[in-house]
Amino acid sequence: MAATMSKRHLALVAPLLFAACAPQPERVVERRVTEAPAPRGPALLRTAMLAGQNAARAAVGAPRLIWDNNLAVDAQRYAQQMARTGRFEHAKHPQLVGDEGENLWKGSRDAYAYREMVGHWLAEKADFVDRPVPDSSRTGRFEDVGHYTQIIWRATRTVGCAMASNATDDYLVCRYLPAGNVVGERVG
């Protein structure tokens, strides 16, 4: 069959064949001080998420977040869905529109402590500028500060977080009420 393939057809098929046979990029697993899994558990997660996020809120004069078990249950369901499907994307549930805010994180399974996970969101502070959403990033890309702005959003009062894992990755979801990152508004 290949002998009867036209040059035009071969030119269209060859890149696809090459892409299918080309070596895939190696999965990057972060260097760690120890090979022991990071400590896990719902109580540790709750403590780390509240401590990290409330410290950031205190630094900007925002009131402390209160843990909401219903938000944590919603977050658990979605974290499990992402771990099961391997799809890392914001939820498209109608109840999230205008109601719940959402922060997502994904990393190599057991490689990160909870404080490191929330620390990645908080590191976005370096690019934050106090201007209305979505113009609140030094980089010009709101996605570079969106987790941080949700955390410090002054009107947000409650949070609930959960994590689920598959064979290779951990998926962390935090849900917030009321939602932050309202277009045209500032964080506080």
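This section describes the sheet, the helices packed on it and the surroundings of Asp-74 in a predicted model.

The strands form an open four-stranded sheet with mixed pairing and the order 1-3-4-2. Its edges are occupied by strand 1 (66-67) and strand 2 (101-108); each has a single partner strand, so one side of each lacks a neighbour in the sheet. Strand 1 is paired with strand 3 (residues 158-165) in the parallel sense, over two bridges, and Trp-67 lies opposite Val-159 of strand 3. Helix 2 packs on this sheet through contacts with strand 1, strand 3 and strand 4 (169-177), and its direction makes about 130 degrees with that of strand 3. Helix 3 also packs on the sheet, where it touches strand 1, strand 2, strand 3 and strand 4; its direction makes about 25 degrees with that of strand 3.

Helix 2 (residues 42-59) additionally packs against helix 4 (residues 114-122), with an axial separation of 9 Å and an angle of about 30 degrees. The two helices are therefore roughly parallel, and their crossing is right-handed. Helix 2 contributes Leu-44, Leu-45, Ala-48, Met-49, Gly-52, Gln-53 and Ala-56 to the contact, while helix 4 contributes Tyr-114, Arg-115, Val-118, Trp-121 and Leu-122. Of these residues, nine are nonpolar, two polar and one charged.

Asp-74 belongs to helix 3 (residues 69-85). Its side chain forms a polar contact of 2.8 Å with that of Arg-77. Beyond residues up to four places away in sequence, Asp-74 touches Glu-100 and Arg-175. The C-alpha atom of Asp-74 lies 9.0 Å from that of Val-173, although 99 residues separate the two along the chain.

Technical notes: Residues are numbered from 1 along each chain as its sequence is written. This is a predicted model: local features need pLDDT of at least 70, side-chain atom pairs count only at pLDDT 80 or more; totals for chains, interfaces and linings use all residues. Side-chain values use heavy atoms; hydrogens and water are left out. Contact means heavy atoms within 4.5 Å. A polar contact is a pair of N or O atoms within 3.5 Å; within protein, one must be able to donate a hydrogen and the other to accept it, and residues adjacent in sequence count only if both atoms are side-chain atoms. Axes are lines fitted to C-alpha atoms, for helices over the stretch in contact, and angles run from 0 to 180 degrees between N-to-C directions. Angles under 35 degrees count as roughly parallel, over 145 as roughly antiparallel, 65 to 115 as roughly perpendicular and the rest as oblique. A crossing is left-handed if the near helix is turned anticlockwise from the far one by less than a right angle, and right-handed if clockwise. Ala, Val, Leu, Ile, Met, Phe, Trp, Tyr, Cys and Pro count as nonpolar, Asp, Glu, Lys and Arg as charged, and the others, Gly among them, as polar. Two strands pair if DSSP finds at least two bridges between them.
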